[in-house]
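Trainee: I am new to this structure and would like a close look at a single part, beginning with what a record says and going on to what can be seen around one helix. Please take it slowly.

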Amino acid sequence: AATAPRIPPTRLALHHFDMSYSLQLKDLWPSVRAGLLCEQKYGALLNSFSAADHVAQELELLNATDFVSEAPKKAQRSQRGAAAEEAGRGESMSGEGRTVMQAETMTQAEMSPPLRASVSSNIKCYTFPRGDITRFRPARPDALGLLDYYLMDAASLLPVLALNVQPDDFVLDLCAAPGGKTLALLQTGLCGHLAANDISISRTKRMYQILHSYVPREIRETVSVTSCDGRDWGQLEGGTFHKVLVDVPCTTDRHSVMEQDNNIFHRRRTKERQMLPMLQLQLLMAGILATKPGGDVVYSTCSLSPLQNEYVIE
């Protein structure tokens, strides 16, 4: 008997996204689609524990910029542009009225607080400009053997910035492997204690390697690494943490359209993919239960799917 041709999981993923995201994003989907299919660009998260002080200057000479420190400046420029546009709409008013309106709007823009200034001042992540596909050199060790930067998708820093860690906070990274966000949390220099958990033992081993490559022993002693089922965490240590990051397993859209290995769109993983929103909801609930009253939980994915984002939250 003839067998149906085997369709690569990357093609299945792209077909699925074409069907669903084109309805969700409409005219934006072609450009988003192109972005997913392009070679991934990395950011270089500087290691504040490394003695390589020259690295920032080296990257700036290559035309890379620290997007974390640039974000508040861009936001302020955008606010001022919006204020000027709003002021322009008042041209039909009297000269005096227009001046007052413009002054008030500009004052609001200038007084807006910097974006997560408490964290931004400690985290530095360099990226190349849009359209520049220069690759970062491999990380190098300093005299103590600590690597000077960690290459990661710069967007992965956004949940860490949103968590807004404060001095001596107890922080939980519930689904922490392979460890990029855990490392970024340590770069804030603010965690009183950091619990990094992941259900996968093999991925947890990778996280241990990252911590030993980037973090001195005295800082590693403030980190506890575990391999528990995150869904049970609320029962294990309920109401313990000031800040909890729930960066859940998801369809990992870019990986799904680019890589055959470990692709959740493989036909044998169909049931697992369909059950993702339920798993994500259970992990989010466990993260909430692990949080102290008045604490903060940040939920994040690397998927565009509303089923894995808005609908889980709602």
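Mentor: Before the record is read, it helps to know that UniProt positions are given here in the numbering of this structure, and that such annotations may be inferred rather than shown by experiment. The model itself is predicted. Under "binding site", in an unreviewed entry, UniProt lists C175, A176, A177, P178, G179, G180, K181, D198, D229 and D247. One of these, G179, sits in the loop between strand 5 (169-173) and helix 8 (180-187), and with a relative accessibility of 2% G179 counts as buried. Apart from residues up to four places away in sequence, G179 touches M207 and I210. D247, also in the UniProt list, belongs to strand 8 (residues 241-247); its relative accessible area is 16%, and because buried means under 20%, D247 is buried as well. If neighbours within four places in sequence are left aside, D247 is in contact with C175, K181, S300 and T301, and of these contacts C175 and K181 appear in the UniProt list too.

Now to the helix, which can be approached through a pocket. The second largest pocket has a volume of about 300 Å³, and its lining is made of 15 residues, among which H16, T251, S305, L307 and Q308 lie nearest its centre. Helix 1 (9-25), helix 13 (270-274) and helix 14 (276-289) each give two or more residues to this lining, with the largest share, five residues, coming from helix 1. By character, the lining divides into seven nonpolar residues, seven polar and one charged.

Helix 1 also takes part in the ring pairs, of which the structure holds six. The rings of F17 and Y21 have centres 4.9 Å apart and planes at 10°, and since planes under 30 degrees apart count as stacked, this pair is stacked. Both residues lie in helix 1, four residues apart, which is about one turn of the helix. F17 is buried at 1% relative accessibility, and Y21 is buried at 3%.

F17 has a further partner in F265: their ring centres are 5.5 Å apart and their planes stand at 85°, so this pair is edge-to-face. The pair links distant parts of the chain, for F265 lies in the loop between helix 12 (253-258) and helix 13, 248 residues from F17, and both residues are buried. Taken together, ring pairs link F17, Y21, W29 and F265 into a cluster.

Methods:
Residues numbered from 1 in each chain as written. Predicted model: local features only at pLDDT ≥ 70, side-chain atom pairs only at ≥ 80, totals over all residues. Heavy atoms only, no water. 1 Å grid on protein atoms, 1.4 Å probe; cavity = no way out; pocket = protein on both sides within 12 Å on 5 of 7 lines; lining within 4 Å. Points joined across faces, edges and corners; volume = space filled by probe spheres on them. Nonpolar A, V, L, I, M, F, W, Y, C, P; charged D, E, K, R; others polar. Phe/Tyr/Trp six-rings, centres within 6.5 Å; stacked < 30°, edge-to-face > 60°. Buried < 20%, exposed > 50% of the residue type's maximum accessible area, 1.4 Å probe, protein only. Contact = heavy atoms within 4.5 Å.
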